[in-house]
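User: I am new to this structure. Please walk me through its core and its aromatic rings.

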Amino acid sequence: MNMNRRQFLAISAVGTSAGAQTADDNVTAELPDMLFNYFARRFEKEVKRGGSVREKLRQAAGPWPSATPLKPQVVKTIARKGYRIENIRFESRPDYFVNANLYVPAGLTAPAPAIVMPHGHFDPDRMTGDYQQICFDLVKNGSLVLSYDPIGQGERRQKWTEPGTEFDSLFSTSLEHALIGNKLALLGESSAGWQARDGMRAIDYLLTRPDVDPKRIGFADHSDNGSESSIVCALDERIACAALHAPRFAQRWPLDKTTWIVMDDTQEYLHGAAAAGLDIRDIFGAIAPRPLLVLVEDRDSGFNGGPFEISSADDSADWPKRLRLDTVRWFARWFKTPPVSDETSVTPEMVSALHVPDTGKSVYSVIRERAARLPAGKPSVAELRQLIAPLTAHSEAPRILSSESLGGARQDRLQLPSEPGIWLPATLQHPATPNGKVVVYTTGDVTALDPPGGDYDEETAAKDLTAQTLASKGFTVLSVDVRGIGGTAPRIPRRGFRVPYHHLMNRDMAFASMAWSLNDNLFAMRVRDLLRAVDFAAGLGEVWLAGRDMGAQWAVFAAALDPRVKNVTTQNGLAAWRLLLEHDRYHQASSQFLWGGLPRFDLPQVTALIAQSRVTLISPTGHNRQVLGATEAQQIYAGTGATIAFGGTLADLSD
């Protein structure tokens, strides 16, 4: 969109008229809900697609590694009246162990049914009283029961390998799931798929045992999401019968404005699922015609019918008694074991008795090793353009909301169209003596706490001050908020209990997960927004880009894609994605990831594409948002043509 000053002033005259002001006010009122409404429209459109659920699910949850030796070990046996407990471990992946307890009925004379039971999505481990009770109920009824902890729970809380990064009370199992899932997303892998893989390998282990009937394999789960277990049961047809706890919702879309914020755990999302038409009920339905009992505790969940039976209970226990009994009766019905009337209470084993020694690698070390083997890819502009996706046509013109004089300068408040349904708040600073250059300036930080006055107040103040300083030097400055940032940030509170790790699971991460479900990227959307701002700025003069914090990455990608950008300067931007995988924890925004981006290239390789511009990176940061040392920064950006500077700010720009 090229625009000379005469055209700009013509738009300004129209935009400030009484008739146009009403439309502008409508857009302004919608801004906090703009991104939610945008996603709601796209989800409603995409989920109308049909097709083979199982094959689409396999693709969405993959990639699937080839089977490797299980190397099972029985590390301890506990004898009890009528059964025994074997403390075991086996390798789900090479040197990557699953810790489990196998309950085995005594006196078996023929192969028996076997039930796989991962621990639910709770902080305690598989040794809780409710879980020991359901295992006891099933083993007394003649079934073997393999109870294990999923990744990030119980004994499989992933141990930090770096000094000073031990667990603390704020880091819940949900946060660990999110941290693991976000790292895997950068590699193009699914956290839910990793979890499901463990369940499939548990079945592999059971089928090595002569006391297991391979035609009577069951799967049981009581969790607050149920997503991984439903994937296992839908994909692994060796499972003959299942009893699964219902997720909190029967469907993720159409989106619900009152509940969307809880959809922020990458463990519960599958890349491209919405684009493939896969919702939660579709996955549960794919288990049919095999018998499935859906265990419901939330009567408003939406699970009120389908190709499965339903058992409901209102209880806050890990596994309520009514649902335990219904689960045992369900398997007794289909596996032809004795009928069940009630349960006999069991005295729980001491946690220490069921403990399996911790050995092998953590998921973090597996991810780190995989990242270290990746070559330093060199993307072409064409490949980058394909990943970011082309801009869609937009017939609407920019809106000029207001203008005011500031000494000899002028400031306009604007709304720029990006794609249908998306408007970008912007401020245009006109200098008293223009130098012919337009700085497009953007920033964002979703890792910091909201200040008391509202969203991003400190960030906005710093942006305004930078813009005013640059305007005093003769630059025309277009400050723009990309979608979901600043003026378009949703007006809902963040979940405070996740401080200081809320950047792993917050509203921004919920939007990022939605985008991944649509086979898109929130990061790419924001780059597209910035490119729209470049379109506008190109009609006013020579375009320079300036980005701070999250905006640093958007600016680099936009400059690589648009040859009209003649200068790029960033401040406090992440130096490389790879740094996030080399450390256990990170404090950068996960919404900055391109799904599967790192196997293709890293951020320095994108910077190297900006041949037409001068590139200056001020104080690049590492995994923890701390400024890198000069030597490390120079090594990371060697050969890219970028200038690394320390101690300055974006306000120091000069022509």
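Analyst: Contact here means heavy atoms within 4.5 Å. This is a predicted model: local features need pLDDT of at least 70, side-chain atom pairs count only at pLDDT 80 or more, and totals for chains, interfaces and linings use all residues. Residues are numbered from 1 along each chain as its sequence is written, and side-chain values use heavy atoms, leaving out hydrogens and water.

User: Leaving aside neighbours within four places in sequence, which residues is L478 in contact with?

Analyst: Neighbours within four places in sequence are set aside. The contacts of L478 then include A426, T427 and V439. The others are L414, L416, L428, V440, Y441, A533, F536 and A537.

User: Which helix gives the most to the largest nonpolar core?

Analyst: A nonpolar core is a set of buried Ala, Val, Leu, Ile, Met, Phe, Trp, Tyr and Cys residues joined through side-chain atoms within 4.5 Å. Buried means under 20% relative accessible area, exposed over 50%, partly exposed in between (1.4 Å probe, protein chains only). The largest such core has 108 residues, and F39, L478, F557 and W577 touch the most other members. With 11 residues, the top contributor is helix α15 (residues 522–538).

User: Why is the pair of Y38 and F39 edge-to-face?

Analyst: Rings of Phe, Tyr and Trp (its six-membered ring) pair if their centres lie within 6.5 Å; planes under 30 degrees apart count as stacked, over 60 as edge-to-face and the rest as tilted. The centres of Y38 and F39 are 5.5 Å apart. Their planes meet at 70°, so the pair is edge-to-face.

How values were computed:
Helix = DSSP H or I, 4+ residues; strand = E, 2+ residues; numbered from the N terminus.
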